[in-house]
Amino acid sequence: MIQDKKIVFSGVQPSGNLTIGNYLGAIKNFSRFSEDYKTFYCVVDLHAITVRQVPAELRRRTYETLALYMACGLDEKKNTLFVQSHVPAHAELGWMLDCYTMFGELSRMTQFKDKSAKHSQNINAGLFTYPTLMAADILLYQTDLVPVGIDQKQHLELARDIAMRFNQIYGDTFTVPEGYISTDTMKIMSLAEPTSKMSKSDENQNAVVYILDSKDDIIRKFKKAVTDSDSCVKYSEDKPGVSNLITIYRAFTGKSIEEVEREFDGRGYGDFKLAVGEVCADGLAPVREEFSRLMADKSHLEAVMKAGADEAAYYARKTMSKVRRKIGFVN
Ligand code: AQP
């Protein structure tokens, strides 16, 4: 098999119901690469267990995340869709790269600091080495481009540093990846606390809009969204709540900031919030429909996972044999 296309890799954790942050910041961008790149999109279940998961829920969400990839427009014939734990080379390379990653580098990762504060009873070693496993995910496929939200930028930079370090010691082994961060939607904020990122593990259900929420729930959540004491729909740093809603509205309508500001000039927040809820719910309706159809046929999802893992393992084997040889393991 000759690989002449550039390679794209990205993943989403099945650690909760996926949010419009995951959708707008990452998944929605994935399909733009399907034609011109060789794309690997992975359900990163190994990452999910850095936080305690209920086994039956993890299993269900793994199917759901794969189905959501497909419902968001990823055709399994044009993209390699698979589950991380089905390709053991991720964990194997992760361990090897741990030995080329410095304690100090991992200690500086802001996600580790945030998650250790949030899960203070379970600050496990996996939470600490998460970024090395993420580097392995990416480097395993000789990835050129990684579409992610801005919160993953620091991890991506570490993956680049690890690749360069390894290449410097052993000669050219890994492609040094670039990030693809969609500027408009790189960080969708919580509806309840618009200075924090919208996260699928947020306990406040009103802070988060899930891709699979019903239209009524979506509209109700946007109606409750925190804004400010002003009533002017204007994009500005000192109006994080309103600016976040403008970003979401733009993502679903394709309008510019100026067009949105003009459209809601003098109309107040009530009208605006309702309109954001409606475009979001209507934009997600086809995804929800397709998701239900896909989830009704588990054996098809299993066939997709299996074919994806076989294809991914083929590419992973090539990198692993190179890495083993360079490190000095006996073949
Ligand atoms: N709010 C967001 N805005 C833009 N992009 C986002 N992403 C996540 N939240 C936002 C992007 O979605 C991709 C998959 O994320 P992940 O599943 O690997 O985990 P995460 O970044 O830790 O996302 P969450 O929702 O906050 O999960 P939990 O709560 O489990 O930690 C990534 O590309 C991410 O940038």
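Start by selecting helix α1, residues 20–30: α1 gives the most to the shell around the ligand, contributing 4 residues. Keep in mind as you click around that this is a predicted model.

**Stop 1: the ligand shell**

Now widen the selection to every residue with a heavy atom within 4 Å of the ligand. You should find 23 residues around the ligand, and the closest are Lys115, Asp151, Ser199, Lys200 and Ser201. Colour the shell by class and you will see 12 polar, 6 nonpolar and 5 charged residues.

Next, turn to the polar atoms. Select Ser201 and show its side chain: an N or O atom there is 2.4 Å from an oxygen atom of the ligand. Move on to Asn22, where a side-chain N or O atom is 3.2 Å from a ligand oxygen. For Met198, show the backbone instead, since a polar backbone atom of Met198 is 2.9 Å from a nitrogen atom of the ligand. If you then switch on a surface, how much of the ligand does the protein bury? On its own the ligand exposes 640 Å², and the protein buries 97% of that.

**Stop 2: the largest pocket**

Which pocket holds the ligand? The ligand sits in the largest one. Three elements give two or more residues to the shell around the ligand, so pick them out together: β1 (6–12), α1 (20–30) and α6 (110–118).

Zoom out to the whole pocket, which holds about 1,200 Å³ of space. Its lining counts 48 residues, and those nearest the centre of the pocket are Gln111, Lys115, Asp151, Lys197 and Ser199. To see which elements give two or more residues to this lining, select β1, α1, α3 (55–71), α6, α7 (125–139) and β4 (145–147). Highlight α6 in particular: the largest share of the lining, 5 residues, comes from α6. Colouring the lining by class gives 20 polar, 15 nonpolar and 13 charged residues.

Two residues are worth labelling here. Lys115 and Asp151 are among the residues closest to the ligand, and both are also listed among those nearest the centre of the largest pocket.

**Stop 3: the second largest pocket**

Leave the ligand and select helix α10, residues 240–253. This helix gives the most to the lining of the second largest pocket, with 5 residues. The volume of that pocket is about 360 Å³. It is lined by 17 residues, and Lys187, Met189, Tyr235, Ser243 and Thr247 are the closest to its centre. By class, the lining divides into 7 nonpolar, 6 polar and 4 charged residues.

**Stop 4: the cavity**

One last selection takes you to an enclosed space. How many cavities of 30 Å³ or more does the structure hold? There is 1, and the largest cavity has a volume of about 40 Å³. Select Met109, Gln111, Phe112, Leu127, Tyr130, Pro131 and His155 to display the residues that line it. The elements giving two or more residues to this lining are α6 and α7, and α7 provides the largest share, 3 residues. Which classes make up this lining? You will count 5 nonpolar and 2 polar residues, and no charged ones.

Before you close the viewer, go back to Gln111. It lines the largest cavity, and Gln111 is also one of the residues that lie nearest the centre of the largest pocket.

Definitions and conventions
Residues numbered from 1 in each chain as written. Predicted model: local features only at pLDDT ≥ 70, side-chain atom pairs only at ≥ 80, totals over all residues. Heavy atoms only, no water. Polar contact = N/O pair within 3.5 Å; in protein donor to acceptor, adjacent residues only side chain to side chain. Areas by Shrake-Rupley, 256 points an atom, 1.4 Å probe, with all protein chains shown as cover. 1 Å grid on protein atoms, 1.4 Å probe; cavity = no way out; pocket = protein on both sides within 12 Å on 5 of 7 lines; lining within 4 Å. Sits in = over half its atoms within 2 Å of the grid points. Nonpolar A, V, L, I, M, F, W, Y, C, P; charged D, E, K, R; others polar. Points joined across faces, edges and corners; volume = space filled by probe spheres on them.
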